[in-house]
Amino acid sequence: MMMNRLKAALGAVTVGLLAGTSLAHAQGAEEDLIKKGEYVARLGDCVACHTALNGQKFAGGLAIKTPIGMIYSTNITPDPTYGIGTYTLQEFDEAVRHGIRKDGSTLYPAMPYPAFSRMTQDDVKSLYAYFMHGVQPVAQKNREVGISWPMSMRWPLAIWRTMFAPTPKDFTPAPGTDPEIARGEYLVTGAGHCGACHTPRGFAMQEKALDAAGGPDFLAGGAPIDNWIAPSLRNDPVVGLGRWSEDDLFQFLKSGRTDHSAVFGGMADVVGWSTQYFTDSDLHAIAKYLKALPPVPPSRGDYTYDPSTAQALDSGNTASNPGARVYVEQCAACHRNDGGGVARMFPPLAGNSVVVTDDPTSIAHIIVAGGVLPPTNWAPSAVAMPDYKSILSDQQIADVVNFIRSAWGNKAPANVTAADVQKLRLDHAPIPTAGWADPTAATATWGLFMPQPYGSGWTFAPQTHTGVDAEQ
């Protein structure tokens, strides 16, 4: 009798131990899933878009300009009233990869679900676990869009989604693709959604290409984003990455700076809030994929440095060039007479792909509004460029922009006017360039209805956190 009781007691203890072990394994697996989801959220840079300037993390409210009005990012915390706390995994997947809200309506494509459509279901599952169990709920109401009727109607978005958004499918690389390049392709075209900014958009605001199979438009450079140009990521030696090495790209995405470049504007948000947290293996994969993209015809041949500009500035021969005079007085101390800058602090202007793009908005905007090279975990110093909007006249800014774009062998159009700078300074309006609807006009248009104020093709322009908020 006593032996039976002892056996029963030992059996109960064994069952309890096994149950406890199973529970610990289950809790450990859930924690691992949440941790993975946190990393996937970094890959997608969810926090930068879904956090307002000076706002609470993931609570939405970031202003995003579009050619038809203002929209605002939404609350994606697990708050059950204003956030996504009541979403099931299937409803979450519908929003992330299909672009469909819980109520069945279509999301604005400022949410890059065409890129997210190729994310794996495992990544989406981990992302869901993170947002439901690793993010603090915030009871913040979503802001209403600032788009007038009839453009505010959402049913046309469903037609857009049918025409331009791929059917969601787990990314699978082409047979025989190097595994590292395949990982880089997944990150660039999927979770990282690089094309949302760096690929030009067409007549319906769609990205002209979602991957390299779409031809030379893919990652060929986009329209202004909050008055910053997203340059080409193709291997063009003048306006792209042709003169960058894989290690240059790795260091840039990890720290925001290399010996010949420094991050600014909207890309500073990407580095500060996203890519600096990537694993080294993922950063190397991205760099290897970008350098492996099929070549495109160089838009302007190659870049050759011209020393005559530095020689003229060294000799003080600036009397006939008002832009050169401004440069010597205000810019040369940091960027030097030779346009070479200071490694990892002040980027060179000679041969800089951002300087020589067809759209001069970036270079004009940083002179008008200033800029910040943000600190990262790998380069903790912050470097700021002052704004000159109250120091230089509109004409002086136009003169120095034109000088920089045509000095040291740079061969960009030197056609910025004082009126362009005034609109940029007072109205925060990008400098107009010829657009897809009317390549001979001073500004792009869509049909006959209204001017399209964001350069060539449509674009979304989220506010930039850098210089306003610390990275979250």
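Which residues does Gln-206 touch, not counting residues up to four places away in sequence?

1. Gln-206. The residues touched are Trp-160, Phe-164, Pro-200 and Arg-201. This is a predicted model, and the points below should be read as such. Gln-206 sits in the loop that runs between helix H8 (195–198) and strand S3 (224–225). Its relative accessibility is 11%, so Gln-206 counts as buried.

2. The chain overall. The protein chain has 16 helices and eleven strands. It holds 472 residues, and buried residues make up 50% of them. Of the contacts between residues at least 6 apart in sequence, 66% join residues at least 24 apart. The accessible surface comes to about 21,600 Å², and carbon and sulfur atoms account for 59% of that area.

3. The largest nonpolar core. In soluble globular proteins, nonpolar side chains tend to be buried together. Here the largest nonpolar core has 60 residues, and the members that touch the most others are Phe-58, Phe-92, Met-119, Phe-131 and Leu-290. Helix H5 (residues 121–133) gives the largest share of this core, with seven residues. Another core lies apart from it and has 34 residues, including Val-326, Tyr-327, Ala-398 and Phe-403.

4. Met-119. The contacts of this core residue, leaving aside neighbours within four places in sequence, are Val-40, Val-96, Arg-97, Val-124, Asp-170, Tyr-186, Gly-190 and Ala-191. Arg-97 and Asp-170 are thus among the residues in contact with Met-119.

5. First annotated site. An unreviewed UniProt entry lists Cys-46, Cys-49 and His-50 under "binding site". Cys-49 belongs to helix H2 (residues 46–49), while His-50 is in the loop between H2 and strand S1 (63–66). Cys-49 counts as partly exposed because its relative accessibility is 31%, whereas His-50 is buried because its relative accessible area is 14%, under the 20% limit.

6. Surroundings of the first site. Without neighbours within four places in sequence, Cys-49 is in contact with Leu-62 and Ser-73. On the same basis, the contacts of His-50 are Gln-56, Phe-58, Ala-59, Gly-60, Ser-73, Thr-74 and Ile-76. Ser-73 therefore appears in the contacts of both Cys-49 and His-50. Phe-58, which is in contact with His-50, is also one of the core residues that touch the most other members.

7. Second annotated site. Also for "binding site", the unreviewed UniProt entry lists Cys-194, Cys-197 and His-198. Helix H8 contains Cys-197, and His-198 lies in H8 as well. Is His-198 buried or exposed? His-198 counts as buried, because its relative accessibility is 10%. Cys-197 has a relative accessibility of 32% and so counts as partly exposed.

8. Surroundings of the second site. Beyond neighbours within four places in sequence, Cys-197 is in contact with Gly-222, Ile-225 and Ala-230. For His-198 the corresponding contacts are Leu-219, Ala-220, Gly-221, Gly-222, Ala-230, Pro-231, Leu-233 and Met-267. Gly-222 and Ala-230 are found in the contacts of Cys-197 and also in those of His-198.

9. Backbone angles to check. Most residues other than glycine have a negative phi, and most peptide bonds are trans. Asp-45 is not a glycine but has a positive phi of about 55 degrees. Asp-45 lies in the loop between helix H1 (2–43) and H2, and counts as buried because its relative accessible area is 12%. Asn-54, also not a glycine, has a positive phi of about 60 degrees. Asn-54 is in the loop between H2 and S1, the loop that also holds His-50. With a relative accessible area of 62%, Asn-54 is exposed.

10. A nonpolar surface patch. Which residues form a nonpolar patch on the surface? They are Trp-155, Ile-159 and Met-163, with about 370 Å² of accessible area together. Met-163 lies in helix H6 (residues 155–164). It counts as exposed because its relative accessibility is 54%, over the 50% limit.

Definitions and conventions: Residues numbered from 1 in each chain as written. Predicted model: local features only at pLDDT ≥ 70, side-chain atom pairs only at ≥ 80, totals over all residues. Heavy atoms only, no water. Patch = residues over 30% accessible without salt bridge, like charges linked within 9 Å, V, L, I, M, F, W, Y side chains within 5 Å. Areas by Shrake-Rupley, 256 points an atom, 1.4 Å probe, with all protein chains shown as cover. Salt bridge = Lys/Arg side-chain N within 4 Å of Asp/Glu carboxyl O. Helix = DSSP H or I, 4+ residues; strand = E, 2+ residues; numbered from the N terminus. Buried < 20%, exposed > 50% of the residue type's maximum accessible area, 1.4 Å probe, protein only. UniProt positions renumbered as here; feature names shortened; annotations may be inferred. Contact = heavy atoms within 4.5 Å. Core = buried A, V, L, I, M, F, W, Y, C linked by side-chain atoms within 4.5 Å.
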